[in-house]
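I opened the file to see what could be looked up residue by residue. The entries below follow the order in which I went.

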Amino acid sequence: MSDNRQSLSDLGAIAAGEQAVATNAQASSDARADAFLAGQLDVPSTPAPLRQQEIDNLGRAYATGRRKDAVARVWIKPGSGKITINGRDQEVYFARPTLRLVINQPFGVADRTGAYDVVCTVKGGGLSGQAGAVKHGIAQALTKYEPVLRASVKAAGFLTRDSRTVERKKYGRAKARRSFQFSKR
């Protein structure tokens, strides 16, 4: 019985010690907050970019973009805003204006419209998937050329690969989920 009381008193002492440590930590964090509010604590005004600029010996930034089954290899360099896809101009390759709008979105978010020339090769998938792949590659290459733009491009969601793909066909089904037409007779 005395062992039990002694162990309980030990636990009480340990808890009191932990409470004292927590109180001291709270007091030190309160002191830092007061110093910050009083302007005595220095906080860096502009954080240094975490990433380095990645440029090849020709002054270009390279990135790979993917969407559905399409893969785009993208090179960007400062220029007049000319976009070339598989050796053709963007108006010829992506005839639909919505697709051209899609591939120019990263430049619009970063306020760099017409500032970079883009050369890319894209293969696989259809035109919509290829436009999404080019957009993903441009966004990745833009952040490699100017790491400062990473926050705005990432906030718009252009650095994340869109993982939505076509669901595979299952056996016993007409498509992925559609059943065969029911016939009573």
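**Entry 1: A133.** I looked up A133 and found a relative accessible area of 0%, so A133 counts as buried, the cut-off being under 20%. The model is a predicted one. I placed A133 in helix α4, which runs over residues 127–145. Which residues does A133 touch, not counting those up to four places away in sequence? I listed G65, R66, R67, A70, V71 and A72. I then took one of these partners, A70, and checked the distance to A133: the two are 63 residues apart in sequence, yet 6.1 Å apart from C-alpha to C-alpha.

**Entry 2: the chain as a whole.** I counted the secondary structure next and got five helices and five strands. Read from the N terminus, the order of the elements is α-β-β-β-β-α-α-β-α-α. The chain has 185 residues, and 26% of them count as buried. I also looked at the contacts between residues at least 6 apart in sequence; 67% of these join residues at least 24 apart. The accessible surface of the chain is about 12,900 Å², with 54% of that area belonging to carbon and sulfur atoms.

**Entry 3: the core.** I kept in mind that nonpolar side chains in soluble globular proteins tend to be buried together. The largest nonpolar core here holds 30 residues, and I noted I76, I85, L142 and V153 as those with the most contacts inside it. Two or more residues of this core come from each of β1 (61–67), β2 (70–78), β3 (83–85), α3 (97–109), β5 (116–123) and α4. Which element gives the largest share of this core? I found that α4 does, with eight residues. For I76 I wrote down the contacts, leaving aside neighbours within four places in sequence: G59, R60, A61, Y116, D117, V118, A141, L142 and Y145.

**Entry 4: the pocket.** I ran the search for empty space and got a volume of about 210 Å³ for the largest pocket. I counted 15 residues in its lining, and those closest to the centre are R67, V102, G132, K135 and D162. The elements β1, α3 and α4 each give two or more residues to the lining. Of the elements, α4 gives the most, at five residues. By type, I sorted the lining residues into four nonpolar, six polar and five charged.

**Entry 5: Q90.** Is Q90 buried or exposed? I read a relative accessible area of 9%, so Q90 is buried under the 20% cut-off. Q90 is in helix α2, which covers residues 90–93. Beyond neighbours within four places in sequence, I found Q90 in contact with I83, I85, R100, I103 and N104.

**Entry 6: positive phi.** I looked for residues other than glycine with a positive phi and noted K68, whose phi is near 50°. K68 is in the loop between β1 and β2. Its relative accessible area is 38%, so I entered K68 as partly exposed, since that class lies between the 20% and 50% cut-offs. I noted D111 as well, with a phi near 55°, also positive in a residue other than glycine. D111 is in the loop between α3 and β5. With 65% relative accessibility, D111 counts as exposed because the cut-off for that class is over 50%.

Conventions: Residues are numbered from 1 along each chain as its sequence is written. This is a predicted model: local features need pLDDT of at least 70, side-chain atom pairs count only at pLDDT 80 or more; totals for chains, interfaces and linings use all residues. Side-chain values use heavy atoms; hydrogens and water are left out. Helices (H or I, at least four residues) and strands (E, at least two) are DSSP runs, numbered from the N terminus. Buried means under 20% relative accessible area, exposed over 50%, partly exposed in between (1.4 Å probe, protein chains only). Contact means heavy atoms within 4.5 Å. Accessible areas come from the Shrake-Rupley method with a 1.4 Å probe; for residues, only the protein chains shown count as cover. A nonpolar core is a set of buried Ala, Val, Leu, Ile, Met, Phe, Trp, Tyr and Cys residues joined through side-chain atoms within 4.5 Å. On a 1 Å grid over the protein atoms alone, a cavity is a set of points where a 1.4 Å probe fits but cannot get out, and a pocket is an open set with protein on both sides within 12 Å along at least five of seven lines; lining residues have an atom within 4 Å of a point. Grid points are joined across faces, edges and corners, and a volume is the space filled by probe spheres set on the points. Ala, Val, Leu, Ile, Met, Phe, Trp, Tyr, Cys and Pro count as nonpolar, Asp, Glu, Lys and Arg as charged, and the others, Gly among them, as polar.
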